[in-house]
Amino acid sequence: NFSRVTEFILLGLSDTRELQVLFFTIFFLAYTMVLLGNLLIIVTVRTDPKLSSPMYFLLCNLSFIDICCTSVTAPRMLVDLLSQRKAIVFEGCIAQLFFLHFVGSSEMFLLTVMAYDRYTAICKPLHYTVIMSRWACWVLVCSCWAGGFLHSITQTLLTIQLPFCGPNTIDNYFCDVQPVIRLACADIYVIEWLMASNSGLISLGCFLVLVTSYTLILVSIRGRLTQGHWKALSTCASHVVVVTLFFVPCIFIYLRPFCTFPFDKYICVIYTILSPVMNPLIYTLRNKEVKESMWRL
């Protein structure tokens, strides 16, 4: 009597029609802002020779990752908000799971690299051009993508080897590891611990590295704040906002096996939609050089 699940039903954020229309309007505008804002940053950095420092190179890569991260979940969510039956085939669900963790973990590593870049610029300014050379930047960015791929392929392989014979209802608006593996017809005790130690510890470890780097920056410039240091601190402040929006929800979601709450799907909105929306706003409104380049463009 064994039968394999061929599709999953996504319950989405709400089953009330009025709320679905409201959510569609809000998230359509948010997704449009993500695409236009981050594309504008990429074009600005690529076309202005004045924005050739490692910080802007990393910012350009962050904007590209934000576009990819939001595009994994937002288009599907927008379609489902206007659909009566919110079904996704098994292969599509696994693909969404893979790409979400691929770009999501790559963004975690990239934000950590950006914090290291700020630490080097502020605490070791004389060695900055040597440490953060163009070759070093490319190596760091490629390492972020490689680390994201290794993390994601591990999560995906742990998921697809499980048997799924029903039920097939996911209380979320996208396929993620935790809600999917809980539908498996098998004991997932070990799998959940492996998932938590993978996703959860990566989120927590990167966050602790970021906090440490900002602490070292504050300690190193204590009592000798010049105009350049104030500018660097302003950049770090905007970085802290992005880090908080992205990492805290991820740690809350992925670092607790055997436990889910009904409001988890609303917390997921923060790091899949809200954080990519905030990135172009924070980095452009608080950065005079980027704003001037955009006006020239």
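**Note on a predicted 297-residue chain**

1. Of the 297 residues of the chain, 51% count as buried. The model is predicted, and the values that follow are computed from it or, where stated, come from a record.

2. Secondary structure. Ten helices and three strands make up the list of elements in the chain. From the N terminus onward, their order is β-α-α-β-α-α-α-β-α-α-α-α-α.

3. Overall dimensions. The radius of gyration of the chain is 21 Å, which agrees with the value near 19 Å for a compact globule of 297 residues. The C-alpha trace spans about 70 × 40 × 30 Å along its principal axes.

4. Contact range. Considering contacts between residues at least 6 apart in sequence, 79% are between residues at least 24 apart.

5. Surface and charge. About 14,100 Å² of the chain is exposed, and 71% of this area comes from carbon and sulfur atoms. The chain carries 20 positive and 16 negative charges, and the mean positions of these two sets are 12 Å apart.

6. Record annotation. An unreviewed UniProt entry gives the feature "transmembrane region" at residues 20–43, 55–74, 94–114, 135–154, 201–221, 233–254 and 266–285. Two of these spans can be compared with the model. Residues 20–43 are 100% helix and 0% strand, with the end C-alpha atoms 34 Å apart. Residues 55–74 are likewise 100% helix and 0% strand, and here the end C-alpha atoms lie 28 Å apart.

7. Threonine 120. This residue belongs to helix α3, which covers residues 90–123. Its relative accessible area is 1%, so threonine 120 is buried, the cut-off for that class being under 20%. Outside its neighbours within four places in sequence, threonine 120 has contacts with Pro125, Tyr128, Ile131 and Met132.

8. Isoleucine 202. Helix α7, residues 189–220, contains isoleucine 202. When residues up to four places away in sequence are not counted, isoleucine 202 touches Met108, Phe109 and His151. Of these partners, Met108 and Phe109 have numbers that fall in the range of helix α3, residues 90–123. Isoleucine 202 also falls within the annotated span 201–221 of the UniProt record.

9. A separation in sequence and space. Isoleucine 202 and threonine 47 are 155 residues apart in sequence, and their C-alpha atoms are 34 Å apart in space.

Methods:
Residues numbered from 1 in each chain as written. Predicted model: local features only at pLDDT ≥ 70, side-chain atom pairs only at ≥ 80, totals over all residues. Heavy atoms only, no water. Helix = DSSP H or I, 4+ residues; strand = E, 2+ residues; numbered from the N terminus. Buried < 20%, exposed > 50% of the residue type's maximum accessible area, 1.4 Å probe, protein only. Contact = heavy atoms within 4.5 Å. Rg over C-alpha atoms; globule rule 2.2 N^0.38 Å. Areas by Shrake-Rupley, 256 points an atom, 1.4 Å probe, with all protein chains shown as cover. Lys, Arg positive; Asp, Glu negative; His and termini not counted. Charge placed at Lys NZ, Arg CZ, Asp CG, Glu CD. UniProt positions renumbered as here; feature names shortened; annotations may be inferred.
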